[in-house]
Amino acid sequence: ASAARVCSGQALTFDGGDDVVTVPGASPAALTRFSIGFSLFTTGPGGGSLGRIVSKEDGPSSDILIHYRAADNAVAINMFNTSNTLFATFGTGVVQSEHSSWVITFDDGGDRRVHMYKNGAEVPYARQDTMTGTMRATTNPWRIGNQGTGSRGFEGTIDAVRIYDRVLSPSEIAILSALCPR
């Protein structure tokens, strides 16, 4: 990954290959509610046409993975429960070569659905599963731009990644969206 200026001046540019950034430090096992924010500039389909944006996965064990689905031109999130059942949400509205700010939220104690916001507004969904069972919680590391094996490289620029252990309010989502002007 190389640095590029998109928003913070510290953006990471990925070529769809095997580049990956592993976030240092301990990864909390239990994330029963969260918000993940990032800015995105997609330039291609990425590795396997499923370029990872942000993920908490390691080999066959995945908790949360956010990726660009080139076939649908969508940002998607996959989450798993302890029975290894996949729960997916696909938001629409990604445009290649266009900058966008995203916030993804989930509350296990709420409606148990992922909510996705592009540039401060909730997106229409092509699919929005409701989580059942117990959400998988491991100490897998957070990664940006790829999975650990290096086979799902993102193609484009990722900036301003933020991970919160709570659901952000609509006004907080609007503030994050405004941090990286389009």
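Colleague: How do the residues of the lining of the largest cavity divide into nonpolar, polar and charged?

Modeller: Happy to go through it, bearing in mind that this is a predicted model. The lining includes Phe38, Trp102 and Val103 along with Ser39, Ser101 and Arg162, and β4, β9, β14 (155–164) and α1 (170–179) each give two or more residues to it. Sorted by class, the count comes to 7 nonpolar, 4 polar and 1 charged.

Colleague: Thanks! How much space lies in that largest cavity?

Modeller: Searching the whole structure with a lower limit of 30 Å³ gives 2 cavities. The largest of them holds about 70 Å³.

Colleague: And how many charged residues does the lining of the second largest cavity have?

Modeller: That cavity has about 40 Å³ of space. Its lining includes Ile77, Met79 and Phe87, and also Arg112, Arg113 and Asp129. β7 and β8 (86–91) each supply at least two of the lining residues. By class there are 6 nonpolar residues and 1 polar, and the number of charged residues is 3.

Colleague: Let's turn to the packing. Which element gives the most to the largest nonpolar core?

Modeller: The core has 28 residues, and Phe34, Phe38 and Ile53 are among those with the most contacts inside it. Elements giving two or more residues include β4 (33–42), β5 (50–58) and β6 (61–69). Phe34 touches Ile64, Met79 and Phe106, among others farther than four places away in sequence. With 4 residues, the top contributor is β4.

Colleague: Last one: how many residues are in the second, separate core?

Modeller: Among its members are Val103, Tyr117, Leu168 and Leu176. The full count for this core is 5 residues.

Conventions:
Residues are numbered from 1 along each chain as its sequence is written. This is a predicted model: local features need pLDDT of at least 70, side-chain atom pairs count only at pLDDT 80 or more; totals for chains, interfaces and linings use all residues. Side-chain values use heavy atoms; hydrogens and water are left out. A nonpolar core is a set of buried Ala, Val, Leu, Ile, Met, Phe, Trp, Tyr and Cys residues joined through side-chain atoms within 4.5 Å. Buried means under 20% relative accessible area, exposed over 50%, partly exposed in between (1.4 Å probe, protein chains only). Contact means heavy atoms within 4.5 Å. On a 1 Å grid over the protein atoms alone, a cavity is a set of points where a 1.4 Å probe fits but cannot get out, and a pocket is an open set with protein on both sides within 12 Å along at least five of seven lines; lining residues have an atom within 4 Å of a point. Grid points are joined across faces, edges and corners, and a volume is the space filled by probe spheres set on the points. Ala, Val, Leu, Ile, Met, Phe, Trp, Tyr, Cys and Pro count as nonpolar, Asp, Glu, Lys and Arg as charged, and the others, Gly among them, as polar.
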